[in-house]
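Subject: Handing over the model

Hi,

Here is the structure I said I would pass on. Have a look at it first, then read on for what turned up.

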Amino acid sequence: MSKKPTIVLDARAVDRTLRRMADQILELNDGTDRLIIVGILRRGVQLADRIVKIIETQEGVTVPRGALDITLYRDDLQTVGPRPVVGATHLPWTIDGQRVVIVDDVLYTGRTIRAALDELADFGRPARIALAVLIDRGGRELPIHADIVGKRIDVVEGQRVDVFVEDLDGKEGVFVADPAEPPSGDT
Amino acid sequence: MSAANMRDLLLKGGRVVDPSQGLDAVGDVLLRNGKIEACGGALGTPDGAEVMDCSGLVVSPGMIDVHVHLREPGREDVETIKTGAHSAAAGGFTGVCAMPNTKPVTDNQATVGFVKRQGEAAGYARVYPYGAISLGQKGETLAELGEMVGAGAVAFSDDGRPVESAHLMRTALEYARTFNVPVAEHCEDMSLARGGSMNEGVMSARLGLKGIPAEAEEIYVIRDILLAKRTGGHIHMCHLSTRGSVELVRWGKERGIHVTAEVCSHHISLTEDEVEGYNTNAKMNPPLRTQSDIDALQEGLADGTIDLLVTDHAPHHYDEKEREFADAPNGIVGLETALGVNCTWLLKTGVLTMTQLVNAMSCLPAKVFHLPGGTLSAGSLGDVTVFDPVREWTVNAADFKSKGRNTPYGGRKLFGQARATVVGGHVVYRAPS
Amino acid sequence: MKGILGKDLLGLEQLTAEQINVVLDTATPLKEISLRQIKKVPTLRGMTIVNLFFEASTRTRISFEFAEKRLSADTVNVASTGSSVSKGETLVDTARNLEAMKIDMVVIRHPASGAAQFLAERIESNVINAGDGMHEHPTQGLLDLLTLRDRFGDLKGRRICIVGDVLHSRVARSNIWGLTKLGAEVAVCGPRSLLPNAIEEMGVKVFQRIEEAIEWAEALNILRLQLERMEAGYIPSQREYNRVFGVTRERLERAPRELLILHPGPMNRGVEIDSDVADGPHSVILDQVTNGVAIRMAVLYLLSGGRPEQAIVAKAGVV
């Protein structure tokens, strides 16, 4: 009865995709000037770290990396039931006049990004905010759009997209799974 | 209650327990014209007699609760003499002694007479008034004890408060000797107890409530025993609650001092744990204490150190108890649960024999307070309690005849219940089947 | 579908170690909000919280107000003094009136022990105990725990001594419960007349002399000595109290290790604590204040966890 999850990107493919995304970010930004990469907790932060490392190797510049926990800005807090765990938000320096690139693993309804935009607005006024996501699975409920996409995939409603990163999960890859299955998967 | 033209009443086939006659056997009791006509053995059924089948039940001399608060005059909103006397009858009691801390205080012959007449008019359990020791219960001037006795007072007390002046207590004990009535003390050292709302112990430490230490009671117990020794008067200790108090009364009795003592049903059954959750229906003065105190009080009943069982029936309005714990008034009702509690915690457990229980609830109250009754010997008052010592029932405060609903036993199962109460030959209470 | 804390926060006695840790873990990331320029998150937007204070208190009330406002809740302050009896309106009626105005949460401080529980049993809104008589002050206990945890890491086996009038202190009781649940070793030190008779039965060591307590402890939580205690005859004078029990620099210098110093405030400088100790390098008193706002935000956040009926309604698609 249980179907094995479908692999979308294996570890090598993830690596290649991130390199391309890093290039696109540099292109979009015309280099590293005033660039801040902000990852959305939790996996967005790991991916942001990888991108920062890639840029460092390529350009020899360490771009500032922030982390954003959007729990307190969620629009579904009154209905989600027991309180979700709050993570630590950390933004280096001020973001006024800076060029922020938000990094997240999966773009779906767009509500997470909406919350992230609200939160960033409470910290200051960036010159521009761009969005880079590893996977765009469609299904938008808000008019949110990613500037940089690692891979676009089509997913049947109810299916889950699982992203694994080395630092948190001990392995890398992107899988599509049925809702009944526990997040696992072979590379 | 007219005695003439009364039908005879035959209480048939019950277990007749009368410690005053050394009786404990199945038999009949016949009442005629408001008195006991005959008792024991199989008596024939006289013509026209009402017959009550008492098989499986205990038939004893009418039970008397010498410590109740009937609130009238002054607080008829929470209880009247009539509702209180009715509550007593429903609990199996044929007589109660009403404490004088009314509004105005029962400290004069007029009020004493009023209480007596109200009791008679009610037509349920007999009501014997207490008179106050001091005017207004202020603890300053002796009240007119003689006049009050003349109007029907059977004992004196400033209950609700202690008599703080040892000199006044001494005087009261001496003066009361003239009338041969007991002086009853509410033992509480106010300087130790002031502000306290429960027993001082680990529970009060956890709940953050000021506690009343056992010593607040014991200090007055020994003080008054010594004063009774000095004066030869009769001191009666109200609602004892601590192990130390029992030991002190034992000391006094061993030396032949005229001291008697009572204990409330709640103090031989519940501990301070009832206060958990700030339950105001577990708040009374003296407070519920520890299991060790319960054990000592039960032993005291068994060996006769404590003479009587009482309730300290103290009705309060629902709104008054529905308050922050420290602000809620002290007291719980008890008339309609006393027999059940006493049978459950003393009889069923074997702490007291049936004879001892009946003695403590009926014979001794009459003897100690010089009241008629307390015996089923021929010619004595036609006051009888018929009860089932093992019948299981659940306490539902909404069924109480008392106006008060403030009981800690709500929802609890008790074993033992009054089935009929006879006062002056009349059945003033019959339990619904 | 209640949150991990249930409907109310009445005390630490009924909480598990797990629940306490969730509060501390939630408070930690919330500290950052008070460092932002815009010290606000929209989390409790639209919620109405009433601060019902029957006892004068500036610091606790302000701390709660900051916590509420930083979570974007609407705050109403109701101040009143005295018990139901003297006020003429019972606590029950006050509560019911508030509820009729459709409020979400009540923060209550009251001079009677058990008042918070009394209120919580009678209204549907979440109730937070901000101090009830001598019983508990759970948010103070939690912020003390957070302050200690920030410095010590794990509290297991840590030696904390509470110094002062434990008998009348709700802060002491909450601390005793919280610390013992997290595995710390707890002691109290003070004049015997100001320690509850049965205090050892609460799982606590007793020191008669402050020197012994300082020798043993890794942290001292110093309680305020109230003027009323002298008047009621519990101890002779403030001067004597400072001589015998005061935490002074000289006493601390003789300690075998460096002790953390906590105080719930307000301080009687020169009585229970000397100024150079209060302002010294080991004092974490100001951290306590900062942590207080974060802890209160965490508690408000965790208690307000979605009303079950709203969840059901939302799922059915009805708005």
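In chain B of this predicted model, the C-alpha centres of domain 1 and domain 2 are 25 Å apart. The domain assignment makes domain 1 of chain B out of two stretches, 9-59 and 381-430, while domain 2 of chain B covers 62-368. Where these two domains meet, domain 1 of chain B puts in 31 residues and domain 2 of chain B puts in 45 residues. On the domain 1 side of that contact, the elements giving two or more residues are β16 (384-394), β17 (413-423) and β18 (426-430) of chain B. The biggest giver there is β17(B), with seven residues. If you sort the domain 1 side by class, you get 17 nonpolar, nine polar and five charged residues.

Two spots in chain B deserve a look of their own. The first is the peptide bond from N285(B) to P286(B), which is cis, with omega near 0°. You'll find P286(B) in the loop that runs between β14 (259-264) and α9 (291-302) of chain B. The second is Q137(B), which is not a glycine and still has a positive phi, about 55°. Q137(B) sits in the loop between β8 (126-131) and α3 (145-151) of chain B. Is Q137(B) buried or exposed? It is buried, because 22 other C-beta atoms lie within 10 Å of Q137(B), and the cut-off for buried is 20 or more.

Now for how the chains meet. Two pairs of chains touch, and of those the pair B and C has the most contacts. That contact draws on 16 residues of chain B and 23 residues of chain C. On the chain B side, seven of the residues are nonpolar, three are polar and six are charged. Chain C also touches chain A, in a contact that takes 16 residues from chain A and 20 residues from chain C. Here the chain A side divides into eight nonpolar, five polar and three charged residues. And what about chains A and B, how many Å apart are their nearest C-alpha atoms? The answer is 26 Å, and chain A and chain B do not touch.

On to chain C itself, then. Chain C has 14 helices and nine strands. Its radius of gyration is 20 Å, close to the 20 Å from the globule rule for 319 residues, so chain C is as compact as a globular protein of that length. To give you a feel for the dimensions, the C-alpha trace of chain C spans about 70 × 45 × 40 Å along its principal axes. Of the 319 residues in chain C, 46% are buried. Take the contacts in chain C between residues at least 6 apart in sequence, and 75% of them join residues at least 24 apart.

That leaves chain A, where I'd start with the strands. Strand β4 (residues 99-107) of chain A runs parallel to strand β5 (residues 128-136) of chain A, and eight bridges join the two. To get from β4(A) to β5(A), the chain passes through helix α3 (residues 111-123) of chain A, and this β-α-β crossover is right-handed. One pair to find on screen is V100(A), which stands opposite I129(A) in β5(A). In turn, β5(A) is joined by four bridges to strand β6 (residues 148-152) of chain A, and these two run parallel as well. There, V133(A) has V149(A) in β6(A) as its bridge partner.

Chain A has its own backbone oddities too. A cis peptide bond links L41(A) and R42(A), with omega about 0°. R42(A) belongs to the loop between β2 (35-40) and α2 (43-59) of chain A. Then there is D30(A), a residue other than glycine whose phi is positive, near 60°. D30(A) lies in the loop between α1 (11-29) and β2 of chain A. Why does D30(A) count as exposed? Because D30(A) has 10 C-beta neighbours inside 10 Å, and a residue is exposed at 12 or fewer.

That's the lot from my side. Over to you!

Conventions
Residues are numbered from 1 along each chain as its sequence is written. Chains are lettered from A and ligands numbered from 1 in the order in which they are written. This is a predicted model: local features need pLDDT of at least 70, side-chain atom pairs count only at pLDDT 80 or more; totals for chains, interfaces and linings use all residues. Two residues are in contact if their C-beta atoms, placed from the backbone, lie within 7 Å. Ala, Val, Leu, Ile, Met, Phe, Trp, Tyr, Cys and Pro count as nonpolar, Asp, Glu, Lys and Arg as charged, and the others, Gly among them, as polar. Two strands pair if DSSP finds at least two bridges between them. A crossover is right-handed if, with the strands pointing away from the viewer, the path from the first strand over the helix to the second runs clockwise. The radius of gyration is taken over C-alpha atoms; the globule rule is 2.2 Å times the number of residues to the power 0.38. Domain bounds come from an automatic or database domain assignment.
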